[in-house]
Amino acid sequence: MGQPFSPERLQHIRRLRKARRLFAQGPLFALQRMQADFPGYTQDQLVEDLRRRTPRKKHQGKIALARYGRYSRMMVLIETYKRTRDAAALLKAQTLRRYMTHPYRVRLTFRSEAWEYSFCPLIPYRAVEELTQRLASCKTPEEAEPMVEAFRTAHRLS
């Protein structure tokens with residue numbers, strides 16, 4: 001396999017790196033030190049060597065909201081809106097975004113009494129939806145209580 005760069009190109013790369021390193025160490029004396037190592041080195045060459053030819057790559061950090069359970073559903077709804085231009089999907093995504101970090105609140109009504117359960121916002125949205133559907137079939141609070149406890153133990157976040 002051949003060498004990727006010619007000796008002249010390697011010398012140029014080394015000169016660039018040295019100019020940048022010396023300039024970072026001491027900007028006032030960088031030109032003098034470069035002239036000592038490279039006779040005939042000029043101020044214009046130093047300026048050219050310090051100029052970045054390609055911009056530095058920006059590190060794209062993690063999305064802080066991605067750990068919340070509603071995030072994936074919100075992204076699905078946004079994609080749906082982009083595809084279909086359905087305003088209802090966008091409104092639902094906005095609502096999910098508004099309550100992204102809030103705990104889930106599941107409200108059950110048995111006869112005239114209302115029971116409300118609160119769950120961690122990090123639990124996946126689909127899991128809470130499934131629990132809500134299962135709780136809808138319960139006739140009494142005594143039936144719902146073991147389901148809620150089982151769900152809490154299954155989705156305990158430690």
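Let's start with Asp 49: leaving out residues up to four places away in sequence, Asp 49 touches His 12, Arg 15, Leu 16, Ala 19, Arg 20 and Tyr 41. This is a predicted model, so please hear everything I say in that light. Asp 49 is found in helix 3, and its relative accessibility is 1%, so we count it as buried, the cut-off being under 20%. One of those neighbours deserves a second look: the side chains of Asp 49 and Tyr 41 are joined by a polar contact of 2.5 Å.

Now step along to Leu 50, which is also placed in helix 3. Buried or partly exposed, what would you say for Leu 50? Its relative accessibility is 26%, so Leu 50 counts as partly exposed. Setting aside neighbours within four places in sequence, Leu 50 is in contact with Ala 19, Arg 20 and Phe 23. For a sense of scale, the C-alpha atoms of Leu 50 and Val 76 are separated by 45 Å, with their positions 26 residues apart along the chain.

On to helix 2, residues 30–37. Here Ala 30, Leu 31 and Met 34 are buried. Looking down the axis of helix 2, you find these buried residues within an arc of 95°, so they line one face of the helix. And what do they pack against? The buried residues of helix 2 pack against helix 1, residues 7–25, and helix 3, residues 43–50. Turned away from that buried side, the other face of helix 2 carries the exposed residues Gln 32 and Ala 36.

Let's move to the nonpolar cores. The largest has 25 residues, and the members that touch the most others are Phe 119, Ile 123, Leu 135, Ala 144 and Phe 151. Helices 4, 5, 6 and 7, along with strands 1 and 2, each supply at least two residues of this core. Which element gives the largest share? That is helix 6, with 5 residues. Leu 135 shows some of the packing: beyond its neighbours within four places in sequence, Leu 135 is in contact with Val 106, Leu 108, Ala 144, Met 147 and Val 148. There is also a second, separate core of 8 residues, and among them are Ala 19, Leu 22, Met 34 and Leu 46. So Met 34, which we met as a buried residue of helix 2, turns up again in that second core.

Last topic, charges. As a reminder, side chains of opposite charge can pair when their charged atoms come close. The count for this model comes to 10 salt bridges. Take Glu 48 and Arg 51, whose closest N and O atoms are 2.7 Å apart. Glu 48 is partly exposed at 35% relative accessibility, and Arg 51 is partly exposed at 42%.

Next, Arg 105 and Glu 116 meet in a salt bridge at 3.1 Å, N to O. Arg 105 lies in strand 1 and Glu 116 in strand 2, so this pair ties together parts that are 11 residues apart in sequence. Arg 105 counts as exposed at 61% relative accessibility, whereas Glu 116 is partly exposed at 43%.

Then there is Arg 152 with Glu 149, a salt bridge at 3.7 Å, N to O. Both residues lie in helix 7, 3 residues apart, which is about one turn of the helix. Arg 152 has a relative accessible area of 27% and is partly exposed; Glu 149 is partly exposed too, at 36%.

I'll finish on a group of four: Arg 73, Arg 126, Glu 129 and Glu 130 are linked in a network of salt bridges. Thanks, everyone!

Terms used:
Residues numbered from 1 in each chain as written. Predicted model: local features only at pLDDT ≥ 70, side-chain atom pairs only at ≥ 80, totals over all residues. Heavy atoms only, no water. Buried < 20%, exposed > 50% of the residue type's maximum accessible area, 1.4 Å probe, protein only. Helix = DSSP H or I, 4+ residues; strand = E, 2+ residues; numbered from the N terminus. Arc of directions from axis to C-beta. Contact = heavy atoms within 4.5 Å. Core = buried A, V, L, I, M, F, W, Y, C linked by side-chain atoms within 4.5 Å. Polar contact = N/O pair within 3.5 Å; in protein donor to acceptor, adjacent residues only side chain to side chain. Salt bridge = Lys/Arg side-chain N within 4 Å of Asp/Glu carboxyl O.
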